[in-house]
Amino acid sequence: MGTNLRITDRHWDTLRKRCAASFRSWTSKETGAIALFGRSVTESSRDLLVSEILWPGPGDIKEAGTGNLVFDGSYIRRAHMLVRERRLAGLLFIHTHPHQDETASFSPYDDSEEPELVANLCEIEPQTTVASIVLSKHAQFGRYYEGETCEPMQRIFVVGETLRELSLTGTAPQPPPSPASIFDRGRALTGNGALARLAGMTVGVVGASGTGSLMVEFLVRAGCGRIVLIDSDLVKDVNLNRILHASVWDAETRQPKVEVLRREVTWKGLRCEVRSIKGSILDERVLAELKTCQLVIGCVDRALPREVLCKLSQQYLLPYLDLGTEIGGTEESGIASVDSRVSYVTPDRPCLFCMGVVDSRQLSFESLSREERKRRLALGYSDDLVMTQPAVMDLNARASSMAMMWARHLLQPFMASLPLAVYENLITLTTRSISSPRAATQNCSICAANRYRGLGDMGPRLGYDELTAASFMDD
Amino acid sequence: MIPQAAADEVAALKRRGARVDIFDENQQCYIKADAVEIPSPPWAATATDIMIAIPATYENAELDGFYVAVPLGWNGAAHPRINGTAITINGRQWQGISWHYPDGRKWMRGADNIDSHLTHCRGFFLHRGATNGY
């Protein structure tokens, strides 16, 4: 099982900036910091999630020279206390090696001192895990201690306004391999490096219907290596106007939507593996499948899954693109709105509620029990919350296409910056960027005041048991 | 299921002396407030119990409407807005009430809570606050 580090770009860029002084000259001194991490464990990997970095204050660095750095005991104790108080997984010691440039490696001093420090911390709290990273000017090397075992770390995933992947093996960045010729025409937009990352990425697509089926198609043809595709529904004839590849036979035989898409992607032979999961994203076991992903794309049309995905993004430091379309109006009054939207959520961005994309009234109705929802409907004031939403493939394509362009931008930036959300209005033929949250809540428990940011598996259970998840599904 | 935020708020209300309770019945969380004072007349009693359904995603989801313990007379008859299906929860008979936040004073996520919703619910008995009923 490989061990990786996941960190927000705000933390990573600040860390690199604060450590930059270490690399100005041969006489520059070592510096460093202690970070606190949560953990996300799957069958194939262990990701340490940086929840917070405790920047050293006055007196926190006991000794700093060109070849040594000693953190003060009180600094280490403070960090260790916080790990225990916040029920985090462990401490990450970060320090620089000023004399190292293209490669990074631990010194004999590190090799002799670190195990002793780990042993001391574990004696105080046996559950403590420790990781250590040494930074050179252009590389970084990491190792992970659990009990008496120590193993090298593999990669850093930097999550935020772009998605970066760095090696933790101490080697200088290698030139990416040349991609297969089928991707030649896309290289102007997604070059070799970005393409190699996309090929190595696992992208979660939640929803395999109108926008989801198109999203899968775009990802596969862009060179994505692995897709985790989640949807609980079967193909019905009313879906055939918008699910790419779905056939009359699929509807007649009630094929699971995810299986239809997996079948078609496999048949194409474009080297994309699809793991299809027929289940509700509200089910905690299904939701946990997204832990293996480096990007999650929400193609859902309800508030409750969006809430769960926003929380997942915060707790597991996962970037999350959300798509939506809307056709509003009545037969009597005519068409009032034809909109497509894409939003981007990260741990350092507002959630969809604060953005004003999802409203708490819809969420309230969806998260009542089935019986309670029936009673609300009988009272006659929630009809608007259960209307069958019109949807057409051509409008869905606009949202999916924009989301794919945003995904490409995250890997190889070409826009000045990503807004929080973009709405395309096809009646006025205008596009509106939202750059500040329209419904910001200062103490929002999903984003601004989320106590579980970066806790991963150490945080509360996300999603619901199977029975409860099923009770929230449409009747 | 009982949302943690609701459980925490009810515990805080109890510490302040409020007669509130939180419970789960058939996978739905409810809060029951006992002996909420109401004006009599026009109501047939000086106090009543009320119950609020709490969505599983509270505090991100808003609260809306409430149930009142029935029977509860009003001006010698039934109040026209106590018109939901009568249900039995926690061994009591309850009836739903359409009592919503008016357009000019919507639920404010992060500011409103169970305490403020109880105040909003009391407004029904005092005939003040919300303007839309149905």
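Two strands count as paired when DSSP finds at least two bridges between them. With that in my pocket, I open my notebook on this predicted model.

**Entry 1: the sheet in chain B**

I began with chain B and found an open sheet of 6 strands in the order S1-S2-S3-S4-S8-S7, with antiparallel pairing. I then looked for the edges: they are strand S1 (20-25) and S7 of chain B, each of which pairs on one side only. From one strand to the next, I noted a twist that averages 30°.

Next I zoomed in on one pair. S1(B) and strand S2 (residues 28-37) of chain B run antiparallel and are joined by 6 bridges. Here I could put a finger on B:Glu25, which stands opposite B:Gln28 in S2(B).

What packs on this sheet from chain A? I found helix H12 (residues 370-379) of chain A, which touches S2, strand S3 (47-54), S7 and strand S8 (92-97) of chain B. The direction of H12 makes about 160° with that of S7(B). Chain B also brings a helix of its own: H2 (residues 114-126) of chain B lies across S2, S3, strand S4 (66-69) and S8 of chain B. I logged H2(B) as running at about 55° to S2(B).

**Entry 2: where the two chains touch**

I looked up the contact between the chains and found that 25 residues of chain A and 23 residues of chain B take part. On the chain B side, the largest share, 3 residues, comes from strand S7 (residues 82-89) of chain B. I sorted that side by class: 11 residues are polar, 8 nonpolar and 4 charged.

**Entry 3: two cis bonds in chain B**

A reminder to myself: most peptide bonds are trans. I turned up a cis bond from B:Ser40 to B:Pro41, with omega near -5°. I placed B:Pro41 in the loop between S2 and S3 of chain B. Another cis peptide bond joins B:Val70 and B:Pro71, with omega at about 10°. That proline, B:Pro71, lies in the loop between S4 and strand S5 (73-74) of chain B.

**Entry 4: the sheet in chain A**

Over to chain A, where I traced an open sheet of 9 strands with mixed pairing, in the order S9-S8-S7-S6-S2-S3-S1-S10-S11. Why do strands S9 (149-152) and S11 (163-167) of chain A each have one side without a neighbour in the sheet? They stand at the edges and have a single partner strand each, so one side of each is left free of a neighbour in the sheet. The twist here averages 25° from one strand to the next.

I picked out one pair for a closer look: S2 (residues 32-41) and S3 (residues 45-54) of chain A are antiparallel over 8 bridges. In that pair, A:Ala35 has A:Ile53 in S3(A) as its bridge partner.

**Entry 5: helices in chain A**

In helix H4 (residues 192-200) of chain A, I listed A:Ala194, A:Leu195, A:Ala196, A:Arg197 and A:Leu198 as buried. These buried residues of H4(A) pack against S11, helix H5 (210-222) and helix H13 (393-411) of chain A.

I then followed H5(A) to another partner. Its axis and that of helix H7 (residues 257-268) of chain A come within 11 Å and cross at roughly 20°. Angles under 35 degrees count as roughly parallel, and H5(A) and H7(A) are therefore roughly parallel to each other. The crossing of H5(A) past H7(A) is right-handed. From H5(A), the contact uses A:Ser213, A:Val216 and A:Val220, and from H7(A), A:Leu261, A:Val265 and A:Lys268. By class, I noted 4 nonpolar, 1 polar and 1 charged residues in this contact.

**Entry 6: three loop residues in chain A**

I found A:Met153 in the loop between S9 and strand S10 (155-159) of chain A. Is A:Met153 buried or exposed? It is buried, with 23 other C-beta atoms within 10 Å. Beyond its neighbours within four places in sequence, the contacts of A:Met153 include A:Thr3, A:Leu5, A:Tyr144 and A:Leu168.

Then I checked backbone angles, keeping in mind that most residues other than glycine have a negative phi. A:Arg271 is not a glycine, yet has a positive phi of about 65°. I located A:Arg271 in the loop between H7 and strand S14 (273-278) of chain A, and it is partly exposed, with 13 other C-beta atoms within 10 Å. A:Leu317, not a glycine either, has a positive phi of about 50°. The place of A:Leu317 is the loop between helix H9 (303-316) and strand S16 (320-330) of chain A. With 28 C-beta neighbours inside 10 Å, A:Leu317 counts as buried.

Definitions and conventions: Residues are numbered from 1 along each chain as its sequence is written. Chains are lettered from A and ligands numbered from 1 in the order in which they are written. This is a predicted model: local features need pLDDT of at least 70, side-chain atom pairs count only at pLDDT 80 or more; totals for chains, interfaces and linings use all residues. Helices (H or I, at least four residues) and strands (E, at least two) are DSSP runs, numbered from the N terminus. Axes are lines fitted to C-alpha atoms, for helices over the stretch in contact, and angles run from 0 to 180 degrees between N-to-C directions. A residue is buried if 20 or more other C-beta atoms lie within 10 Å of its own, exposed if 12 or fewer, and partly exposed in between; C-beta atoms are placed from the backbone. Two residues are in contact if their C-beta atoms, placed from the backbone, lie within 7 Å. Ala, Val, Leu, Ile, Met, Phe, Trp, Tyr, Cys and Pro count as nonpolar, Asp, Glu, Lys and Arg as charged, and the others, Gly among them, as polar. Angles under 35 degrees count as roughly parallel, over 145 as roughly antiparallel, 65 to 115 as roughly perpendicular and the rest as oblique. A crossing is left-handed if the near helix is turned anticlockwise from the far one by less than a right angle, and right-handed if clockwise.
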